[in-house]
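Biologist: Before I trust any labels, could you show me the model and walk me through the terms?

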Amino acid sequence: MVRCLSIIICLALLSFMLPAPALGSETESMSVQVREGQIRATPSHLGSVVARAFYGDMVALLEERGDWRKVSLRDGKLQGWMHSTALTSKRIILSSGEADVKTSVVRGEIALAGKGFSEEIEDEYREANKDLDYTWVNRMEEAGTDPEQMRAFLAAGALSPRLEGGRP
Amino acid sequence: MKTFPLRTLILSISLAGLIACNAAERMTAAATDAAERTGLITRTHGDSIRAGMAAVSKSLEEFTPEQEYYIGRSVGAVILSNHSVLKDQGVQSYVTLLGHTIAAASDMPELFSGYHFLVLDSDDINAFATPGGHVFITRGLIRCCRNEDALAAVLAHEIGHIQLRHGMQAIEKARTTEALTIIAREGLKTLGPGETAQLTGIFGNVISDITSTMINSGYSRSFEYQADAAALSILRRAGYSPEALVGMLEIMENYIEPGRADFARTHPSPRSRISELKKNSALLESLDIPRVRTDRFIRHAGHLL
């Protein structure tokens with residue numbers, strides 16, 4: 001009986017030792033983790049883009065709706081909706097060497113921009129693999145779709161998305 | 001030590017649990033989605049299940065979206081060194097617009113540099129998706145489609161591989177650890193030439209791990225079935241008929257040539273994929289496909305069939 005109880009207690013303790021899910025801290029500020037994030041008028045990929053935020057920009061979290069986050073940036077001068085997958089609770093550091101970087105990296109609190117597998121490493125790799133041609137990789141990355149085009153495409157195809165921008 | 005066996009037992013249970021978690025994670029994700037949709041569990045319940053899973057797959061998470069993008073670009077360059085691009089701007093623009101529309105309905109609509117689509121000029125039945133969001137499909141695969149919903153299904157399957165991070169999981173575990181160790185060191189100081197060369201070497205091996213899996217050996221059957229299940233849910237959200245995936249696979253069954261170095265080698269047979277999809281009957285909805293949509297497909301891609 002005592003042994004059984006101790007197993008249960010140990011397992012319970014073990015479960016507390018597992019990393020807790022990060023569900024946003026009290027400060028409620030997040031970083032843009034995509035190169036160029038769209039801030040939209042409504043919580044939808046069909047919503048007009050009212051502003052743009054860039055890699056590493058910090059935004060303040062105002063409201064959550066499904067997978068969408070209402071954020072403000074540049075001292076609250078701009079507000080709008082971003083999809084949660086464009087944001088991270090980690091702080092993105094654009095240059096290394098800051099004093100608190102070491103412990104923060106270990107704790108997974110920050111992410112380093114332009115480090116690891118980066119443009120620099122790609123350049124080195126291309127230098128060693130001159131037969132590889134990136135022309136079409138670059139060209140395919142140029143094509144974008146704006147919300148107006150997407151709305152027109154859906155309408156012309158008699159498509160009415162039931163759920164969009166992630167999970168219900 | 002009286003308590004020793006007890007400790008060993010707990011440790012074994014925990015370890016076994018951790019190992020099983022990784023494999024079970026993908027299945028759990030699909031089951032959680034389905035349970036939410038059918039109302040078996042609430043969204044809050046679903047989120048906490050997913051949060052628990054996320055804690056387990058930490059190491060791959062340490063690669064930023066930016067790093068996955070750079071991996072993706074080079075994987076794309078390797079694929080393009082073996083394939084030529086279809087010189088047909090009409091088809092390219094149509095596939096791109098369709099791709100962007102359904103990517104917005106995926107679980108991962110935002111990537112570092114977004115999604116990018118390119119049609120390859122090849123009779124092979126083939127498609128590739130890089131961790132950076134570059135999606136390639138062949139003319140031969142478009143030939144298996146009879147309407148826009150089927151083409152949407154093809155693209156949704158590839159987007160499924162990206163959202164489930166199958167490409168990243170093709171990297172050897174030891175390589176992941178090695179890379180993350182150097183990258184963590186890079187946080188403290190600028191890498192010297194030796195370390196940069198070492199990281200470039202690892203980068204090259206990462207690209208080889210991913211491309212040889214995609215081009216030669218293929219993902220596991222379970223990854224393919226998971227991408228098919230993800231495709232059903234993406235199609236449903238975007239308003240396409242999920243059943244179109246089955247229709248496309250039935251046509252592929254007629255076109256696929258055993259022994260060819262394409263889907264015939266890297267994917268489970270269309271028949272196995274169909275029977276697996278039918279087990280997922282709750283998601284396998286059949287919706288009417290409006291004429292205007294099929295007309296649009298024929299107008300843009302009919303000449304490839």
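Modeller: Here are two helices and the cores, term by term. This is a predicted model, where local features need pLDDT of at least 70, side-chain atom pairs count only at pLDDT 80 or more, and totals for chains, interfaces and linings use all residues. Residues are numbered from 1 along each chain as its sequence is written, chains are lettered from A, and side-chain values use heavy atoms, with hydrogens and water left out.

Biologist: What makes Arg293(B), Thr294(B), Arg296(B), Phe297(B) and Ala301(B) the buried residues of helix 15 of chain B?

Modeller: Buried means under 20% relative accessible area, exposed over 50%, partly exposed in between (1.4 Å probe, protein chains only). Those five fall in the buried class, while Arg291(B) and Arg299(B) are exposed.

Biologist: Why do you put the buried ones on the same side of helix 15 of chain B?

Modeller: They cover an arc of only 155 degrees around the axis, so they sit on the same side of helix 15 of chain B. The arc is taken from the directions from the helix axis to the C-beta atoms.

Biologist: How do you know that the span of helix 12 of chain B is close to the expected one?

Modeller: The expected span is 1.5 Å times one less than the number of residues. Helix 12 of chain B has 12 residues, and its 17 Å from first C-alpha to last is close to the expected 16 Å.

Biologist: What is called a nonpolar core?

Modeller: A set of buried Ala, Val, Leu, Ile, Met, Phe, Trp, Tyr and Cys residues joined through side-chain atoms within 4.5 Å. The largest has 55 residues, with Ile137(B) and Met248(B) making the most contacts inside it. Helix 7 of chain B gives the most, 9 residues.

Note on methods: Helix = DSSP H or I, 4+ residues; strand = E, 2+ residues; numbered from the N terminus.
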